[in-house]
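Hello,

Here is the structure I promised to pass on. Please open it alongside this note; my findings follow below.

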2 protein chains.
Amino acid sequence: MSEETQVTFYPWKKTVDVEPETTLLTAAEDAGVSIEGLCAGNGRCGTCKAIIGEGEENLSEMTKAEEQTLSSEQRKNGYRLTCRAKATGTGTVDVTVPPDSQKTAGIVLTEGHELEYALDPVVKKYHVDLPVPSLSDNVADFERINEALVETYDLDLESVDYEVQRELPNRMREEEVEERLEATATVYDGEELIDLEPGLSETAYGLAIDLGTTTIAVYLVNLKNGETEAISSQLNPQTKQGGDIMTRMRYTRRNDDGREVLKREIREGINETIEEVVQEAGVSRDNIYESVFVGNTAMHHLFLGIDPTYVAGSPYVAAREAPIKVKARDLGIDINDAGYVYWLPVSGGWVGPDKVSVLLVSGHYKEPETTVCIDIGTNGEISVGNEDEMLVTSAPAGPALEGAELRYGVRAQAGAIETLRIDPETLDPTYETIEDEPPNGITGSGVIDALAQLFEVGIVDQRGKFRDAVMDHERVRENDDGELEYVVAYAEEAALAEDIVLTQNDIRSIQMAKAAIQAGTRVLMSELDIENPDRVLMAGAFGNYIDKVSAMTIGMYPDIDEDDVVSLGNAAGVGAKLALLDKERRTEAERIVDEVSYFEIAGTDVFQENFMASMYLPHQDFDLYPRVKERVRKSRELEAARLEENAEEH
Amino acid sequence: MSEETQVTFYPWKKTVDVEPETTLLTAAEDAGVSIEGLCAGNGRCGTCKAIIGEGEENLSEMTKAEEQTLSSEQRKNGYRLTCRAKATGTGTVDVTVPPDSQKTAGIVLTEGHELEYALDPVVKKYHVDLPVPSLSDNVADFERINEALVETYDLDLESVDYEVQRELPNRMREEEVEERLEATATVYDGEELIDLEPGLSETAYGLAIDLGTTTIAVYLVNLKNGETEAISSQLNPQTKQGGDIMTRMRYTRRNDDGREVLKREIREGINETIEEVVQEAGVSRDNIYESVFVGNTAMHHLFLGIDPTYVAGSPYVAAREAPIKVKARDLGIDINDAGYVYWLPVSGGWVGPDKVSVLLVSGHYKEPETTVCIDIGTNGEISVGNEDEMLVTSAPAGPALEGAELRYGVRAQAGAIETLRIDPETLDPTYETIEDEPPNGITGSGVIDALAQLFEVGIVDQRGKFRDAVMDHERVRENDDGELEYVVAYAEEAALAEDIVLTQNDIRSIQMAKAAIQAGTRVLMSELDIENPDRVLMAGAFGNYIDKVSAMTIGMYPDIDEDDVVSLGNAAGVGAKLALLDKERRTEAERIVDEVSYFEIAGTDVFQENFMASMYLPHQDFDLYPRVKERVRKSRELEAARLEENAEEH
């Protein structure tokens, strides 16, 4: 048997036996552990450093390269370059790879949902070491770089950005060098040279951008370690031309330059948000090489300047489903000029890259459990199924669930009522507001709570109508329009000069919104012969704050155990980050579009029928929601006892 | 034996035996004959029509599709659609494929040099027949087109031009259709959708552009049949910033916006020339989808806006060698917005796409004969060798050979002396001018004639100096600067108010120009151990007009039989056309760059030595030019006899 050294890599605890003269970097590869190596084993960049624990004596002597590259502090702490340190063929060695030198990382979602990914971004930086041209070696600049990439990294470029090509001769001669030029090549997707910097650089950033109908959210992500270094968001400036998509679409049809106006506004809004993250993190725009976008199909079209008319109306045809990759400069997005804007694919019709992104994060399309996943927004995107078959659709919920278009509905803001309970005995409410400010309105999660509670305690019936039994309650009254309403907060406790109420019309709007989502879900479930799913996933920035029980009470999702309902947080934005950091996720996104079937519900009879039945609380067929039915039954028993008590008193 | 029909295709006279039910189109394929088929055998486009000669009865009946697609005139003349007409399995059929339906063509060069090519352009148009979207089939617009291309042509697109994608929904709905939408997709390189037109279109054009230091030449080429439909040329507007490249390069270094100014000027000059061909042929710019460019490396750099500094000086490093493909709109070239500018590759240093183009036309790099090929211009590009090895270099000839920088040198224009003979007895000249106008100067070919004749008849010696023996001739005189000169035309016969002369300095300039080319050629020849080549090829717009014997007399090329010297005409421009029409030629151009070795002569001792020896007429070592030596010997005998006669007379 030959001499071998047993090397164990931490934190993975992976062990491998290697022959004498094997570098630790090679040993790591054999062990299936990924260590950074920017200079391809030349001992120059220091990115492959690791800490040697026990067994230091079983490695080769410290090399000159290591002495130059590692600081004396690092050397004292037991650091070696894994590309230089070699096994001697005896004993064991423990190697701890610090996070900086690891090629993989994990990110954690808002709701504690942990996601693993390979740190393998589309944009990568490569260190090249070029001979200075001479009469006997006057190969052209681009070819010189490419030859070095082929030789060192086995990477043969297909192209170079035109503007980078233009400046190549000057960039390569900024520094006066005698024999060798050290430079860093930034390569997009292993194909295109998009930057060349003199010297050694590791700085590479990307943006994940969630382009919502209402909100733009921008995440600045370090492509070297996957860390999110800054986040910023702002109102989508297109709201000036309409809070909802349909109004904006009408604007594009009624104004000749409408499409250009909307495109310019969204671009300006994005650039302002980029400016904020750039300022916050102190990063140069030139080091941001890509922006991965998600959003619904309409925002996708409006951002790209594509006419959204035909996806807006029947038969809901998008202009494109495949991912879109466009130079940032062609769209006026303020990152590196040669960088790219990348949109995840459209699934079909209104089901856009945002939903594909949610599926990328939840992964439920490839799991055996039957899942219902709802991305709550002005349009609710719904997917139902499991690894065998999954259907996806979009339901026109409207803005009521976000607190808009209700008499006292507000967006999530300080003072907005976000949770609400009604005492089943007194029928009086208690509530919490954002930042504990005096209430100034009711936001999405509060609206859902309110309807659920009104129904559960018996103020409204299954059809959402105020019940005769509560007509004599102080908080139930008729307003000046002759409409019934429930007082959530009296003027004296509120930040307003008037009472905050929920009217019969408001209740109807909420019913319609939840009915759209519920009907969409039920159509897909019945299409797949699913009685009840194993799990429910709720996504959407706003989805996080919804009370699971309240949402089930009004019928927003099927009646299942509370523990089987999971909030994914803003999964769309997280999916954009995944696609930014791990190029395999882009392939997966395209696979999702292939594997998941888009099912158009708009204008179908089956949707209309389900919609009517779903207008009821929680549904026309109460038996579909046994848990809700049981709670309501108990509540009604309490009410009966109370009424009996009252009758006795009188 | 099964039943078969014998089909013969004309004009190729290719015969094939086919089974019953075989279409003539399939039979043509089997016979190795290429017939157009735009609609992929659907009987709609009529592009595959052919005339049936004998054997009509051995084909299937005329189909409904043929009756609709072919005119009654065509049907009367025996036309059938080869995609519809099927063999019956008996007898013979003669099929004549008219040029319109042929997929191959041949072009003829100015000098009668014939070149075959396959008509297989990078830009192709495909007819698609799309189902109109419905709720049950609402796949996106781009995917709908791609599915049709995959199904009908087995063509799976990789991308779509961003601006085309933007307008796709509207282009596809310009015409109101019930069930099917007929449209034409224009595809670049089998990969990218660059145009979509409603209805059936076959109109596709390309430009071949020869971007010379002095002249821009634009050829408008029909991509459907390979015909050149218009040609125009104009002076390169960059000449304002210097007639030669070095002056323009100094301009870019001395002016901050110099590079941009030169880029803008050349772009404007090209666009004006494009305007001329577009007007002349009555073609829409939107139907021009590509421009293939050739030019020297410096023009390549200046056009693209690349700093030419480092290719201008030692060690002569170009910014890029590989072909360059850039969207026309990014360069401001006025063709279809989504179309491309394509530059053939650079060979190395100053040896640019123009020389690669010449090699593409001459093909001598793949032939067994040893060839010297010289592209005459301000820089002479020289290639020497054969299929085993070929070297290429660039020699700084300067503008004298184009008639510039001589006292009475002019560009090729009406009145320019283009040929010149000197009577060996009287030493008086006869000449021809362009358009037979009175002379106003001497142009390139006239300059070479003049020096050759002055030497041959004994007015100047091998070193180019006026000989004592002719000092008493009326036409040999000293001018006001004390410089000797020869009178080519007296003022009374000229269009000028003064005599047209060739001075001692002029002669020296011509010697230097020819010596550069000659020395470059000799360095390559000696590098390859070639004593004398089998052939000499001369290229360049101006090369056409040079008298072969005169050029050899002054030593511009090696002493070989006149019949082995061939003019290729403006081969650079023709090569650009080839690359435009036959995409395989682009691969060949890249292969040329790989196979041909760039040999840098600038600044080398061996070039300097050869240059000094080449300053002599025809060369310091007269024995290298036995044919010239023999002619000069005869001339000197005549002179001796004449002198003797004169002596006897006195």
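**Two copies and their interface**

A turn of 180° with a shift of 0.1 Å along the axis lays chain A on chain B, with an RMSD of 0.1 Å. The two copies are thus related as by a two-fold rotation axis. Both copies use the same surface: 100% of the contact residues of chain A recur in chain B. Please keep in mind that this is a predicted model.

To find the axis by eye, start at Asp330(A). Of the residues of chain A, its C-alpha comes closest to the rotation axis, at 4.8 Å.

**What the chains share**

The contact involves 42 residues of chain A and 42 residues of chain B. Which three residues supply the most of the area that chain A buries against chain B? They are Leu135(A), Tyr162(A) and Arg166(A), with 18% of that area. The area buried between the two chains is about 3,600 Å². Carbon and sulfur atoms give 51% of this area.

Now the polar side. The rule finds 30 residue pairs in polar contact across the interface of chain A and chain B, both residues being at pLDDT 80 or more. Across the same interface, four salt bridges are found. One of them joins Arg259(B) to Glu167(A). The closest N and O atoms of that pair are 3.4 Å apart.

Which elements of chain A give two or more residues to the side that touches chain B? There are four helices and one strand to look at: H4 (141–153), H5 (162–171), H7 (258–281) and H10 (328–331), plus strand S16 (324–327). H5(A) gives the largest share, seven residues. By class, this side of chain A has 23 nonpolar, 13 charged and six polar residues.

**Chain A by itself**

Chain A has 650 residues, and 59% of them are buried. Its secondary structure comes to 18 helices and 29 strands. The C-alpha atoms of chain A fill a box of roughly 105 × 65 × 50 Å along the principal axes.

How much of the contact in chain A links residues 24 or more positions apart? Such pairs account for 68% of the contacts with a separation of 6 or more.

If you want one place to begin, take H5(A), which gives seven residues to the side of chain A that touches chain B. Then go on to the salt bridge between Glu167(A) and Arg259(B).

Best wishes

How values were computed:
Residues numbered from 1 in each chain as written. Chains lettered and ligands numbered in written order. Predicted model: local features only at pLDDT ≥ 70, side-chain atom pairs only at ≥ 80, totals over all residues. Heavy atoms only, no water. Contact = heavy atoms within 4.5 Å. Buried area = accessible area lost by both parts, 1.4 Å probe. Salt bridge = Lys/Arg side-chain N within 4 Å of Asp/Glu carboxyl O. Polar contact = N/O pair within 3.5 Å; in protein donor to acceptor, adjacent residues only side chain to side chain. Nonpolar A, V, L, I, M, F, W, Y, C, P; charged D, E, K, R; others polar. Least-squares fit on C-alpha atoms with pLDDT ≥ 70 in both. Buried < 20%, exposed > 50% of the residue type's maximum accessible area, 1.4 Å probe, protein only.
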